[in-house]
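User: Please take a close look at how a pair of neighbouring helices packs, and then set that contact beside others of its kind. I would like to know which residues take part and how far the model can be trusted.

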Amino acid sequence: MDGDLRQPSRCRHLVRAARRWTTDNRTTRKTCSRARAASSPWPSAKRARATRRRSRPQRAAAAGGKGGGGRLPPHFAPLAGELGDTLPLGKYAASQYLQYAIATVKDRALPRVADGQKPVQARILYAMWEMGGRAGTPRKKSARVVGDVLGKFHPHGDASVYDALVRLAQEFTMRYPLVDGEGNFGSRDGDDPAAMRYTEARLTRFAEVLLAELDSGMVDFAPNYDGSIEEPEVLPARLPVVLLNGSSGIAVGMATEVPSHNLSEVAQAAVAMIRDPDISVAGLMRHVKGPDFSGGGQIITPRAEIRTAYESGRGAVRVRARWTVERLARGQWQVVVYELPPGACARKVLEEIDAIANPQPKPGKKSAAPEQLREKQLVLAMLDRARDESDRSHPVRLVFEPKTSRVDEDEFVKLLLAKTSMEANVPINFVMVGLDGRPTGKSLKDVFREWLDFRFATVTRRTQFRLDRVLDRIHILEGRMIVLLNVDKVIKIVRHADEPKAELIKAFKLTERQADDILEIRLRQLAKLEHIRIEQELGDLRKEQKGLDKVLGSRKALEALLIEEIERDAAAFGDKRRTKIEESEKAAVETPVIDEPVTVIFSKNGWVRARQGWAVDPGALSFKEGDALQALIPCRTVDPVVFLDSKGRAYTVQAGELPPARGDGAPASSLVDVQDGARIVQCIAGKPETRVMVASSGGYGFLCKIADMVSNRRAGREFMSVDEGELPLAPAPYEEAGGNYVAAVASGGRLLVFDVAEMREMARGRGVIVMGLEEGEQLAAVLVTNARELLVRGTGRGGKEKEARLAGERLAHFAGHRARMGRVLPDRMKPAGLGIPPRPEAGGTGKVADARGAPPAGVCLSSDARLSCAGAASPPAREDDAHVQPVRGSEPAAAAPDGAGAYHRRSARAARDVGAAPRTVRSAVPRLHGRDDGAVPAGVRDAQPLDDADRRDRARRHRGGDGLARRAGRPRAGRGVRTLRPPQVRDRAPLRRRGARDRDRVGHGLLRPMRSRPR
């Protein structure tokens, strides 16, 4: 490159030019060769022979400028020359962009640790210094300054240079301004400055800290962009200005945010580090308390966090506005803000308050969100008026009047701080260009160390430069003393000698430098008074020489000189701290949400709404065409509502923020930021500590809590790992209770029941295998409960809806271990969901609130939109609710139950024998999957018939006509056995009757439980 800084547009131009001139593939070369051969008057063979006879440089010269295989123009030559006469486009573009990126980082965006300036700022200051625009001189037009900078040092746009000049002159931006501006240089409220033809500028006195020693040989000078003049590579700063004024910039792949600091504190810290080079960051913070912003404010960040930020070079401090409460007549009062954090202004604060008081719908939404409406009500209930009374004497004066004088002052101020930019984080990122020319992050100690190294080096160069000047002057004055002592002889030699210079050197043993000075001396300088003056000057110079030699020869003397200069500048330019440091809690105002019962209504198409109370009739709900109810979840307004999308990500919305149930609600995707290619498929709500089982249609699942799904971000959090083609199933909430078991049903019509202890608890992930699935099969539903009766809903033959109630032996028939295949449901039912029959006291009406006013744990609607009580660990009203009991004198057979779960009866003679003791279900259940009855979950295993006394008492009351019981079925012909059902379940449908063939097989004891399908 030719030294100038490439703009992105310039880089694109270079890439296009390189594409025209470079070729790195054989096809293009062949095409170009054919084109040249076709346009050549020579025969192709003759031209080929001539081309081969020429040397490679000749061929390259002949091909230059012709086609893609030709030689590159001079300004596109390879960087290293190892590629010959071609350069791949990719390598060229990469190298050019790398050079552009380096130039952006080092020459535009990042400050230098030495002088704290970016290149454009240093060039502005140097140009103003050279043109005489110093403190105390008349101001120059800003347009003249910008033109001088552009023409001599910085060949970029005038807008960028003027913006940098304006920033250097803004008192509310720079802690110690370097430019004294006259005119409109912008305001705190973000007003744009006037055009550069209207404003004037000159340097401030503080700018001398950077520029006063330029002519002392302290820094190197380099040619400018066109080599016509020279400019300093860095300014000789006497103080670490990078910390005093701070800096902000964004480069390619890195950024910097250096806050401003107090000059007196920084000077004390620098002196402390000179005296103790091994001082720690904590030692430096005894002097540097923290950032000191030009606009004041209050830092509320704990000191430990500030120290951590200084040690690592990265962090943030929280700054809040400062205010006072003015008392008015009749007990009224108002809050007056007089200092704001950096980056905040009165206009911005008022705009933020107006945005809260008049909320606008977010992009893509038709109305304001419930959270916005609550914030509006909160602000309007406390704030009556806000106005800006800032003027020349009061740079910041924001007045806030409360709605009434009865509003709590602390709560009022806390509301303003929490809802506006009157309290904000200020980042700290010490990224800057070090003395080695490399941009890197630094700690506070690194910044001080590198600046002190720079300062020691510059002071040493200045001392050496001054010593050379002193020695040269002493040398000249010593020659003049010789002339004054021998003035007559010198005059005689000058008058009569053909070469007076050589004669003087020979006569008085002078040097050429002394002889030239003597020959150029004037006669009036030979007076007696001049002799006295020379003697005095020689004495002073020899004294100064001793001091300079001492500084150069002693490290302590150099340190003492440096400390003296730093303290002198601190006394001249130092001031008091503006930003107060006082630790405090972050202002936070929680929008009040009334804790009341609410029912979340979630549809199959992902629409959600909330209705007050828990007495919601599912049949009375209306939905859009093609939509239907999927889940009806009772909770409270303060509970989190979690949505699961088709890719397993979880999103959280507070129940009180859901749209009301007056209409169809709103899509759940409008309340959160759903990831691309996903849709909301499931919903769960409840207390964060509620335990839930989650699973996917791929057969994997795990146990967790709702708190594991909660996310504070609208984009949600990764929760379930779901493979392509799989979907999350409806989460199954439950309570921890003895006898809990997991029921899992597959789409192929198989059910598996196993102990919940076999599942794994996880906060996120894929989980473990819940149920073995065949190829093409999916997991349909899961449930965790300890209820003694299970309800399987689905469709039977012909697509007719059907329910199967499983209890006792029928439920134990499906018991096994996790990850097994399970057993086939009766009647080849295609399952759609799992549930628990409602308790008699609920009546199946959907009124699920208990006497305490809290919803039962996990009460919700399953995927088929029917009420279930998953996880409600409440036993049946009577111990034999879930069982079909024989009449008096009957006895369960020792054989296992058949597929329908009916008991095997003995003969009528044995049935009439009242002395026979009934056997329990536990003894009747055979070995399942290679295990005995211990494999059956407790909730299933404990479902046993009554003992003899209870059974006789039950039968006696049944025959007594107490009106509470009735026959559950008619006696079977030829058996003499009839079955009774308890009064609590008298409305249940009778068991399926067996066919004749099955009845014969049962009579002979041949029917055995179905084995699990082979994998």
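Analyst: **A helix pair and its counterparts**

On one side of this contact (heavy atoms within 4.5 Å), Pro-500, Lys-501, Leu-504 and Ile-505 of α19 meet Glu-512, Ala-515, Asp-516, Ile-518 and Leu-519 of α20 on the other. Sorted by class, the residues joining α19 to α20 are six nonpolar (Ala, Val, Leu, Ile, Met, Phe, Trp, Tyr, Cys, Pro), three charged (Asp, Glu, Lys, Arg) and no polar ones (the others, including Gly). The model is predicted, with local features needing pLDDT of at least 70 and side-chain atom pairs 80 or more, while totals for chains, interfaces and linings use all residues. Residues are numbered from 1 along each chain as its sequence is written, and side-chain values use heavy atoms, without hydrogens and water.

Helix α19 covers residues 500-508 and helix α20 covers residues 512-520 (helices being DSSP runs, H or I, of at least four residues), and their axes, lines fitted to C-alpha atoms over the stretch in contact, lie 9 Å apart at an angle of about 120°. This angle makes α19 oblique to α20, since under 35 degrees counts as roughly parallel, over 145 as roughly antiparallel, 65 to 115 as roughly perpendicular and the rest as oblique.

A second pair is formed by helix α6 (residues 119-130) and helix α8 (residues 158-169), whose axes come within 10 Å and cross at roughly 80°, and therefore α6 and α8 are roughly perpendicular to each other. From α6 the contact takes in Val-120, Gln-121, Ile-124, Leu-125 and Met-128, and from α8 it takes in Val-161, Ala-164, Leu-165, Arg-167 and Leu-168. By class, α6 and α8 contribute eight nonpolar residues, one polar and one charged to their contact.

In a third pair, helix α17 (residues 444-485) packs on helix α22 (residues 555-573) at an angle of about 105°, with 11 Å between the axes, and this makes α17 roughly perpendicular to α22. Here Trp-451, Leu-452, Arg-455, Phe-456, Val-459, Thr-460 and Arg-462 of α17 meet Arg-555, Leu-558, Glu-559, Leu-561, Leu-562, Glu-565 and Ile-566 of α22. The contact of α17 with α22 divides into eight nonpolar, one polar and five charged residues.

As for trust, the protein chain averages a pLDDT (the predictor's confidence in each residue, from 0 to 100) of 78, and 74% of the residues score at least 70. Over residues 1-83 the pLDDT stays under 50, and the model has 84 contacts beyond four places in sequence for this stretch. Residues 956-1015 also have a pLDDT below 50, with 101 contacts in the model beyond near neighbours in sequence.

How values were computed:
Axes are lines fitted to C-alpha atoms, for helices over the stretch in contact, and angles run from 0 to 180 degrees between N-to-C directions. Helices (H or I, at least four residues) and strands (E, at least two) are DSSP runs, numbered from the N terminus.
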